[in-house]
Amino acid sequence: MSVRRRLLLVLPTLAGITVLVFCFLHLVPGDPVEIMLGEGAAVADAATLRTALGLDRPFGEQLVHFLHGLVRGDLGHSIAFRSPVANVIAARYPATLELAAAALALAVVTGIPLGVLAATHRAGALDVVARTVSLLGVCFPSLWLAPVLVLVFSMYLGWLPVSGRGGLAHLVLPAVSLAVAMLGILVRLTRASVLGALGDAHVLAARARGAPEWLVVWRHAVPTALAPVVTLVGLQAGALLAGTVVTETVFAWPGIGRLLVQGIGARDYPLVQGCVLVIGITYVAVNLLTDLALALLDPRLRDDA
Amino acid sequence: MAIGVVSGCTGNATLPPGLVVALDSEPQSLDPRLGIDANSGRVADLLHVALTRSGAHAERVGELDRHWSHVDPTTLVVELRDDFRFADGTFVTADDVRATYEAVRDPATASPRRAGLEAIAAVEAPDHYTVVLRLRHPFPPILEATGLPVLAAADVRRPGVPMGAGPYRLASAETHEQIVLEPNPYWPGAPPRTSRITFRIVPDPVMRVLELERGSIHLLQETLEPEILAALGHESALSVRRSPGSSVAYLALNHGDPRLADRRVRQAIALALDREALTRFALGDAGRPATGLLPPDHWAYARLPPPRHDPRRAGRLLDRAGYPDPDGGGPRPRFRILYKTSSQPSRRRFAEAVQAQLAQVGIAVDVRTYEWGVLFADVRSGNFQMAALTWVGVTEPDHFFLAFHSSMLPPAGYNRGRYRSPVMDRLTTTARYAATPGERRRWYARVQRRAERDLPVIPLWWEDRVVVHTAALEGFEPAPSGELRSLVRAWMR
């Protein structure tokens, strides 16, 4: 699909996400006004606030109002924080981006070379190590892995802080626990893809020309094998953003994953909608970048662009 | 698991200066007019002062006020101390008190505390250090509302975090990460001995305990799993403190259900539960089986017989109520009942224990777990039969009126079980308007005896306040309400 067509699909995708989230959120039992004012609030006060927040309007009207605001760039007002949703999210979004980018970089920088090495040393010790790492990465949920990493690196060895956001040391454990699952998948796919590419005609031709093996692998096989890997990285970026919900809560990382959990607990409809929308936009943007990267890697994909 | 493994760990944390206190979630708001959750209260208690505060027996003791008196049943005159100053050095005056109360009473503020001030018709400041609260009708429980933190009059209309006159002032607030306090140089009491208090937000309970073990957090105040608490008790670097709390756990019963509307069935359920064992199971030794809502340390507590565990009598009561055991102790139950609880693991385990004990008398319990917001919405709308809930911070006995009076069905009040009793209505109303402390005590004793007989809810346990802190922290005394004001006198060795 061309990049232009991808771009055209962005708006309906985001509109779909917004409407779906809005509908699901309003189906969940729980009253934001009661949560905000407490159980002892006077009925009249609750009614006044409900009117002020527009929660007494019919569902369809609330949706139209929200979409209207969205078109004007207004994400609404957070019920729990009593401030504009955009401001609340803006304060947390950099932390999430920092964490997700670190995890992504970690997974890519270690996963791809490990996958390539596993393929070029098929059935050897390196291959066994890489496949074991990959299997463990896929199997360990971050909810389990995170405390284990803390026990080893913070408690036993005392090298890293337990939780919170600060310097690079604070970033290591959350990034590792978030990256591990992606790393496992990346190693497996890269290995399989490179193995396939090593049998391609142009790779065989390079070997026949007497090119050294490292050049054959890194110049001829790997670029061909990277297309599915790049696609996977794009898709996994979405999973990374979803994973921040757990990782940020466990590591007291003040990003929008944790904010989303708070918003759901408080039935803060505008905040949850804002968070999901921002995560959706990020996901769509990453996928667009993936398409662009694929077009760079494989000229055939540029044909209809 | 974490505790067992980390014993003897070698972690050597780089500590921030001062004292670090863990919070499980960020405070709802640092504006005390808006934040009513426990964590907002803990921070506010160090930043602000109020006319009165809660004493050791939940009685009201003066803070800003030098003296209060009822000149008539609807007029409360409060004389203020003249030595309290806000963090900018300006004195706290009656104008500040009036402005704060007026701001909370203003519907535009949308303050959750507004309902507590409903009985107030007007707040007057006849001079700098006298406040007059004029009530719409005689209402002795109004003293509870005088715990409202007082803000500077100039601050109440200004956006942002308002300044306080408490022992500490705000140094920095990234509410989603940490809140840092430093001493208020104008505090009239002895200067705080800790130069800096940092509240760190750590949502995960395992991480909070690990941070405490590592020394990067110095104080933790929350309900801990009994096994974690026991393990922490063996750590020489930590000090585990238990003290009477002000929260009571109970089983809410929906009186709209014809079976649960029958007092004999409620009594049978109460007798079938071994509340001593259930309390130990849920809290270890950090709780006591409850005989009612008010704990023994409360000024209005009435001594009642301890909860009995008598499954045979429970069976006879169920027989008499028209629910005979269909197969005489066989697998078929007398009836089934739906038990709703939150998805918290400890709550799930407790539900299974209740299920097992009620099965002994032939009541089959179907346990359903829900996310807290969903559970609470169901309870408030009456969509439940039995639910495990907690009343947190029961200090003013007017709580009985709000929880048991037939006019207090949600959304008006806390009568979540839709309990209706003309006798209880009369008792709670009379107690509510009793003028003197002696009269109030007498009437609330009758309310408690009635509740013990009628079982609008089944009290389970009074939860102790558990604080775990580094052994190097000296001078800290836990308070029943969970407030941290005594940190003013605390210091790190």
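B:Glu371 and A:Arg267 pair across the chains in a salt bridge, with N and O 2.6 Å apart. The model is predicted. In the interface of chain B and chain A, the rule finds 3 salt bridges. Polar contacts there number 11 residue pairs, both partners at pLDDT 80 or more. On the chain B side, the elements that give two or more residues are helix H1 (2–6), strand E10 (197–201), helix H5 (205–214) and helix H11 (372–380). By class, that side holds 21 nonpolar, 9 polar and 12 charged residues.

**The interface between chains**

The size of an interface is often given as the accessible area lost when the parts come together. Here chain B and chain A bury about 3400 Å² between them. Carbon and sulfur atoms carry 56% of that area. Chain B puts 42 residues into the contact, and chain A puts in 46. Which three residues of chain B supply more of the buried area than any other three? They are B:His176, B:Met207 and B:Arg214, with 17% of the area that chain B buries against chain A.

**Salt bridges**

Side chains of opposite charge can pair when their charged atoms come close. A search of the whole structure finds 41 salt bridges over all chains. Four pairs are listed here.

| Pair | Closest N to O distance |
|---|---|
| B:Glu371 and A:Arg267 | 2.6 Å |
| A:Asp45 and B:Arg114 | 2.2 Å |
| B:Arg242 and B:Asp285 | 3.2 Å |
| B:Lys340 and B:Asp378 | 2.9 Å |

A:Asp45 forms a salt bridge with B:Arg114. This pair crosses between chains: A:Asp45 sits in helix H3 (residues 43–52) of chain A, and B:Arg114 in the loop between helix H3 (94–105) and strand E6 (120–127) of chain B. A:Asp45 counts as buried because its relative accessible area is 14%, under the 20% cut-off.

B:Arg242 pairs with B:Asp285 within chain B. The two are 43 residues apart, with B:Arg242 in strand E12 and B:Asp285 in the loop between helix H8 (275–283) and strand E13 (287–289). B:Arg242 is partly exposed at 36% relative accessibility. B:Asp285 is exposed at 52%.

B:Lys340 meets B:Asp378 in another salt bridge. B:Lys340 lies in strand E14 (residues 335–342) and B:Asp378 in helix H11, so the pair ties together parts of chain B that are 38 residues apart in sequence. Are these partners buried or exposed? B:Lys340 is buried at 4% relative accessibility. B:Asp378 is buried too, at 10%.

Some charged residues form a network of salt bridges: B:Asp45, B:Arg53, B:Glu63, B:Glu483 and B:Arg485.

**Covered parts of chain B**

Helix H2 (residues 38–47) of chain B is mostly covered, with 8 of its 10 residues buried. Among them are B:Arg42, B:Asp45 and B:Leu47.

B:Ser243 is in strand E12 (residues 238–253) of chain B. B:Ser243 counts as buried because its relative accessibility is 14%. Beyond its neighbours within four places in sequence, B:Ser243 contacts B:Asp464, B:Arg465 and B:Pro478.

**Two domains in chain A**

The domain assignment gives chain A domain 1 (11–74) and domain 2 (86–301). Their contact takes 17 residues from domain 1 and 11 residues from domain 2. Their C-alpha centres lie 35 Å apart. The two domains bury about 1300 Å² between them, 78% of it on carbon and sulfur atoms. The count of salt bridges between them is 0. H1(A) gives the most to the domain 1 side, with 8 residues. That side divides into 12 nonpolar, 4 polar and 1 charged.

Methods:
Residues numbered from 1 in each chain as written. Chains lettered and ligands numbered in written order. Predicted model: local features only at pLDDT ≥ 70, side-chain atom pairs only at ≥ 80, totals over all residues. Heavy atoms only, no water. Domains from an automatic or database assignment. Contact = heavy atoms within 4.5 Å. Buried area = accessible area lost by both parts, 1.4 Å probe. Salt bridge = Lys/Arg side-chain N within 4 Å of Asp/Glu carboxyl O. Helix = DSSP H or I, 4+ residues; strand = E, 2+ residues; numbered from the N terminus. Nonpolar A, V, L, I, M, F, W, Y, C, P; charged D, E, K, R; others polar. Polar contact = N/O pair within 3.5 Å; in protein donor to acceptor, adjacent residues only side chain to side chain. Buried < 20%, exposed > 50% of the residue type's maximum accessible area, 1.4 Å probe, protein only.
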